[in-house]
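Have your viewer ready and let us walk along an interface together. Keep the selection panel at hand.

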There are 2 protein chains.
Amino acid sequence: MAASVTLNDVAKAAGVSIASASRAINGLDNVTEEVRERVLAAAGKLKYVPHGAARALAMSRTNTIGVILPDIYGEFFSEIIRGIDVGARASGLHILVSGSHGDVKEAVKAARAMAGRVDGLLVMAPYADADDLSGKLPFNLPLVMMGGVGGQADLPSLVVDNYSGALEAVRHLHEQGCRRIAHIAGPESNLEAQDRLRGYLDGLKEAGLSPQVLPGDFTDGAGYAAVQTLLAQEQMPDGLFAANDMMALGATLGLREAGVSIPDDIAIIGFDDIPVTRYASPPISTLRAGVFDIGRRSLELLSALIERGSAEASASAASLIVRPELVVRASSRRR
Amino acid sequence: MAASVTLNDVAKAAGVSIASASRAINGLDNVTEEVRERVLAAAGKLKYVPHGAARALAMSRTNTIGVILPDIYGEFFSEIIRGIDVGARASGLHILVSGSHGDVKEAVKAARAMAGRVDGLLVMAPYADADDLSGKLPFNLPLVMMGGVGGQADLPSLVVDNYSGALEAVRHLHEQGCRRIAHIAGPESNLEAQDRLRGYLDGLKEAGLSPQVLPGDFTDGAGYAAVQTLLAQEQMPDGLFAANDMMALGATLGLREAGVSIPDDIAIIGFDDIPVTRYASPPISTLRAGVFDIGRRSLELLSALIERGSAEASASAASLIVRPELVVRASSRRR
DNA sequence: TTGTACGCGTTATCAC
DNA sequence: GTGATAACGCGTACAA
């Protein structure tokens, strides 16, 4: 019933031209007060709502930014999205999200689908080789990369210093008296996980300890599985650095189940500082990457790029580097 | 630089008409194989990407659905979004999200901004009076309400049977031997919280017990604060039903801090079954509303409405009612 | 101040 | 099969 009412209908109902109707509705000042009222009244009665796509086409401006994440749920991404939401709100922008499900092809596909529907792109693709994206992604659109390794493809980006974070985690465990420190790694193809692994290895070298790396995939299940491996060996480690908080959480569950005391028998630290770390028992030490801030600041950066026409986008490609902050909680505090 | 390349550019480069170019790119069959190849080659070389808004305008079809939630982060909404994402993916739809921040005006505003940019709307507005929305929201757009009270404004919807869920929670605690059962309520203006409160009150009446209701706002902080109140009174309750899981979680933290044993001294149960309940210690009993499924099924419902042109949308406004399922974990298991 | 007419990038309907 | 051309709904020079 009733195809949606257009500006034309409103103009007709108000007895003015479509141009005047447009002006009145958009609050331009070159309209008689009387005309404005007539138009607004008509619009109200007809329940007129501007057609987004048409407006976007005419103004080549959507007031929407596209967000492409590996996934759009879970503690980690949820925090990212929150940051983006807050920033977007402040800038009067809307958000078109899409999950790439860890696939580069999907990410590119999503980006293509967003062309002409967003003013800029915020993408996080930690698994992607820089070259995989650089050529295919930017369709003359302002773009900011979140996470990933530094200076990825010369795109403006916000990255976490995963390497020094990992280094700090190891040093912390060492200071707490740990001498056999194991690591639960993230997905092999994940660039951030790779950096964290490097930091761990260098940290152990620095301390003169020998490393033990267990495979993982960033899920709590992987953390749980990893401790099963550890429990089966002759000697347990006395320190455990998980590449992210979810795996640290899974590890604590497994250890508690086995009656291992945390942090006395084994100290644990994660990475990211997602909310649930505070609710775990014991609360889990971690490295606060400022997930929320990453989202918010990325959006601000993108927003700025959009405003200035994204002129020399890559010129000012000053990749902001976020240095994670050590957060010590009960899971690793031994004194 | 270089204004984005259009279909016209591609057509010109391939030496065909814009119409043929369109056909070739959209895979229609009435094109010579040779023309198709020329067009595709040109498109590839020019890095052509279809303009979403223009396509939407021409086809009056966006392949996008708008999602309006009170918030777009946190465990609960994250799960909803996950469900929607899965459903959307299956239907080849994109998602335009917006948080209303608990404000009806904001929700309506968001919906207006989405007009002409989406094919349908998925909205959750638990604080909204049915009448507040029914008139202002549907701009000739297929719409499905998530949550809220049943049959809200005759719109097709997916609602949780909060009342019987709450009733079941109370019965469970009673069966476990609890005789002084307190309730931490949700926000007063929240319709779902109201239903849960009703269920609680009727449940206590049924058991012949006297109720104690503490105020809350669905945050863990509120749960924590509520137990401080309880700890200060002469006699502690021996059972606690929180209107949602986050408050139940906050309550367990407060109680553990005070050295109160769960579930021996006090049994606890929440509502919603968000992921974190499983990681808490002890794991928290709850009522599984199937948050994920609500998202997914809402989308499926909406998708169906869109396909069939939303003809008699409200005719088939068969509000699907989800009956929550009791999930007993350590926090309330006394035997 | 107001109205006319064109353009935004695509799709779809025609003739050819 | 292919190519003009009219929508789609709106903003906006430009002219009046």
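Two strands count as paired if DSSP finds at least two bridges between them. Keep that in mind for the first stop, and remember that this is a predicted model.

Start with residues 94-99 of chain A, strand β2, and add β2(B) to the selection. The two strands pair in the antiparallel sense, over three bridges. Which residue of β2(B) stands opposite Ile95(A)? Label Val97(B) and you have the partner.

Next, widen the view to the whole contact. Select 51 residues from chain B and 51 residues from chain A, and you have both sides of it. Together the chains bury about 4300 Å², with 56% of that area on carbon and sulfur atoms. On the chain B side, show Arg89(B), Arg117(B) and Tyr279(B): these lose the most area to chain A, together 16% of what that side buries.

Stay with Arg89(B) and bring in Glu106(A). Their side chains form a salt bridge, 2.7 Å from N to O. The count between the two chains is two salt bridges. For polar contacts, 21 residue pairs turn up across the interface, with both residues at pLDDT 80 or more.

Now color chain B by element. α4 (52-59), α5 (74-91), β2 (94-99), α6 (104-114) and α11 (245-257) each supply at least two residues to the side that touches chain A. Pause on α5(B), which gives the most to that side, with seven residues.

For a last look, color this side of chain B by residue class: 25 residues are nonpolar, 16 are polar and ten are charged.

Methods: Residues are numbered from 1 along each chain as its sequence is written. Chains are lettered from A and ligands numbered from 1 in the order in which they are written. This is a predicted model: local features need pLDDT of at least 70, side-chain atom pairs count only at pLDDT 80 or more; totals for chains, interfaces and linings use all residues. Side-chain values use heavy atoms; hydrogens and water are left out. Contact means heavy atoms within 4.5 Å. Buried area is the accessible area (1.4 Å probe) that two parts lose on being put together, summed over both. A salt bridge is a side-chain nitrogen of Lys or Arg within 4 Å of a carboxyl oxygen of Asp or Glu. A polar contact is a pair of N or O atoms within 3.5 Å; within protein, one must be able to donate a hydrogen and the other to accept it, and residues adjacent in sequence count only if both atoms are side-chain atoms. Helices (H or I, at least four residues) and strands (E, at least two) are DSSP runs, numbered from the N terminus. Ala, Val, Leu, Ile, Met, Phe, Trp, Tyr, Cys and Pro count as nonpolar, Asp, Glu, Lys and Arg as charged, and the others, Gly among them, as polar.
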